[in-house]
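Hi,

Here's the structure I promised to pass on. Have a look below, and my notes on what turned up follow right after.

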Amino acid sequence: MSAKHYDLVVIGSGPAGEKGGAQAAFLGKSVALVEKESSFGGAATNTGTLPSKTLRESALYLSGFEKRGLYGINLEMKDRVTARDFFYREREVVVSEQARITANIDAHKIEVYHGAGSFIDANTVCVTAGDGTRTELHADKFLIATGSCPTHPGNIPFNDKRVFDSDTILDLHDMPRTMLVIGGGVIGCEYACMFAALGIKVSLIDGRDRLLGFMDAEISAALKTAMMKLDIDLYLSDTVEAIEPAEMLNITLKSGHKFPVEIVLAATGRDGATKGMGLEEIGIVPSNRGLIAVNEHYQTLLPHIYAVGDVIGFPALASTSMEQARIAMAHAFDFRYKDHLAPILPYGIYTIPECSMAGESEESLNKAGTPYLAGHAYYKTNARGEIIGEQDGFLKLLFRPEDMKLLGVHIIGEQASELVHIGLTALLMNATSDLFIATCYNYPTLSEIYKYATYNALQQRMKMMPAAAE
């Protein structure tokens, strides 16, 4: 069997694979794309990022949650919501995104091979199609962008049709009345909120003592309060002892608490999707979580083989995965236009309410012994916040007192994942409080809270440094 030669073979068509392949093709390189599924987009398009975020919007719309109490009438429709209602828009968005990816691949004249790719030597990948047909592809460079798959702990009975992971939850046929979410990470908290907004009784359990431990503690505490207002039962610092299938799924926690639920969603982490790729045979040995080690250029132990996205681990975000792929391909083909990832990255958590952050947290600053001021501004005292009925959201800005340089941005509330980019840009520009004070924001807008959080910090600074106010 003679292998067809390419400058680059990409394995995986998620955000990293698509953008990496397009980047190389844009540079005039011949590119082949290997995708084992029938549809493009990977987990981000088909089972993860876009579906979950679309479902969040569906939950808010169908439940009338965002309009609660605004007009003095009850707009809730959650008693009539069916699984078909809930998943309708998600499927529309997924199909649309798949079409966009297909058009982008075609526009860059990337040749596609559907099937599972595995290395037979350091420069050759064998693609095995669903019908058993095998095709060998030879290349100078490779980009592994196979993403991740849900972790399945042995104590959770995934063989029961009422037990779902973060991929299979999209196959839900009937809306339950009760559910348990195992895992208080990003995926677990997002799904717990959206199902609770629809009136489903949700319990969430996590072995850690707080939700989303990577976030600023004040934001994490505010999210916990918001989730409790959604009537979510939170069991922190606890674990599942047993799940006994019966007419209901009977849950026993390590703490001794017992309760029945109709379904279980296990959001217990994700592993790198590297099984069956033949990596060990060519000297690339993934970790026990299936993750591939890379250097600052995203090269593996074999310098001509690059790996990006979820398959290399943290931060495992679609946004960073795309950038990693572009940087990797610029390095691979010596195109000197992008050689590093932005030093500060934004994080968006699509819970209800949204949370977002960029830069330092109070915890990281305290750990480093760095002095700071925390300025707050609240949605409920903002005109746009009042209009939309957002009562609990707030922005926190962290500044260095000596020169009021911005150090961190933390938001919880409506549009947090959009608003954070104002602060992110300021952080990347090494801006000080002067930027927010000098800027004229549209009125009424949520963006105005940047100015008032800055004023709040400046007031604290004046109290700390009386001479600066003279």
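Asp206 comes out as buried in this predicted model, because its relative accessibility is 5% and the cut-off for buried is under 20%. Asp206 is part of strand E10. Its side chain has a polar atom 2.6 Å from the backbone nitrogen of Gly184. If you skip the neighbours within four places in sequence, Asp206 is in contact with Gly183, Gly184 and Gly185, and also with Tyr235, Leu236, Ser237 and Asp238. On top of that, Asp206 makes a salt bridge with Arg208, where the closest N and O atoms are 2.8 Å apart. Arg208 counts as partly exposed, at 47% relative accessibility.

Now the sheet that E10 belongs to. Five strands make up an open sheet with parallel pairing, and the order is E8-E15-E9-E10-E11. The edge positions go to E8 (163-165) and E11 (233-236); each has a single partner strand, so one side of each has no neighbour in the sheet. From one strand to the next, the twist averages 20 degrees. At the E8 end, three bridges join E8 to E15 (residues 263-266), and the two run parallel. In that pairing, Phe164 sits opposite Leu265 in E15.

What lies across the sheet? Helix H5 (residues 186-197) does, over strands E9 (178-182), E10 (201-206) and E15. H5 runs at about 165 degrees to E10.

That brings us to the packing. As a rule, nonpolar side chains in soluble globular proteins tend to be buried together. Here the largest nonpolar core has 45 residues, and the ones touching the most other members are Phe86, Phe195, Val202, Leu204, Met227 and Ile232. H5 gives the most to this core, with eight residues. There's also a second, separate core of 44 residues, including Ile101, Val127, Leu137 and Ile292.

On to charges, which you may want to look at before setting anything up. How many salt bridges does the structure hold? The count is 20. One of them joins the side chains of Arg100 and Glu18, at 3.0 Å from N to O. Arg100 is in helix H4 (residues 83-107) and Glu18 is in helix H1 (residues 15-26), so this pair ties together parts that are 82 residues apart in sequence. Is each partner buried or exposed? Arg100 is partly exposed at 34% relative accessibility, whereas Glu18 is buried at 3%.

That pair also belongs to something wider: Glu18, Lys19, Glu97 and Arg100 are linked in a network of salt bridges. Lys19 is in helix H1 too, and it is buried, with a relative accessible area of 17%. The Lys19 side chain makes a polar contact with the side chain of Glu18, at 3.5 Å. Not counting residues up to four places away in sequence, Lys19 touches Arg100, Asn104, Met322 and Arg326.

Another salt bridge to check is Arg177 with Glu262, where the closest N and O atoms are 2.7 Å apart. This pair links distant parts of the chain: Arg177 sits in the loop between E8 and E9, Glu262 sits in the loop between E14 (258-261) and E15, and the two are 85 residues apart. Arg177 is exposed, because its relative accessible area is 63% and the cut-off for exposed is over 50%.

Last stop is strand E14 itself. Four bridges join E14 to strand E13 (residues 249-253), and the two run antiparallel. Ile251 stands opposite Phe259 in E14. The hairpin of E13 and E14 has four residues between the strands, and Gly256 takes a positive phi there, near 100 degrees. Along E14, the side chains alternate: Phe259 and Val261 point to one face and are buried, while Lys258 and Pro260 point to the other and are not.

Cheers

Note on methods
Residues are numbered from 1 along each chain as its sequence is written. This is a predicted model: local features need pLDDT of at least 70, side-chain atom pairs count only at pLDDT 80 or more; totals for chains, interfaces and linings use all residues. Side-chain values use heavy atoms; hydrogens and water are left out. Two strands pair if DSSP finds at least two bridges between them. Axes are lines fitted to C-alpha atoms, for helices over the stretch in contact, and angles run from 0 to 180 degrees between N-to-C directions. Contact means heavy atoms within 4.5 Å. A nonpolar core is a set of buried Ala, Val, Leu, Ile, Met, Phe, Trp, Tyr and Cys residues joined through side-chain atoms within 4.5 Å. Buried means under 20% relative accessible area, exposed over 50%, partly exposed in between (1.4 Å probe, protein chains only). A salt bridge is a side-chain nitrogen of Lys or Arg within 4 Å of a carboxyl oxygen of Asp or Glu. A polar contact is a pair of N or O atoms within 3.5 Å; within protein, one must be able to donate a hydrogen and the other to accept it, and residues adjacent in sequence count only if both atoms are side-chain atoms.
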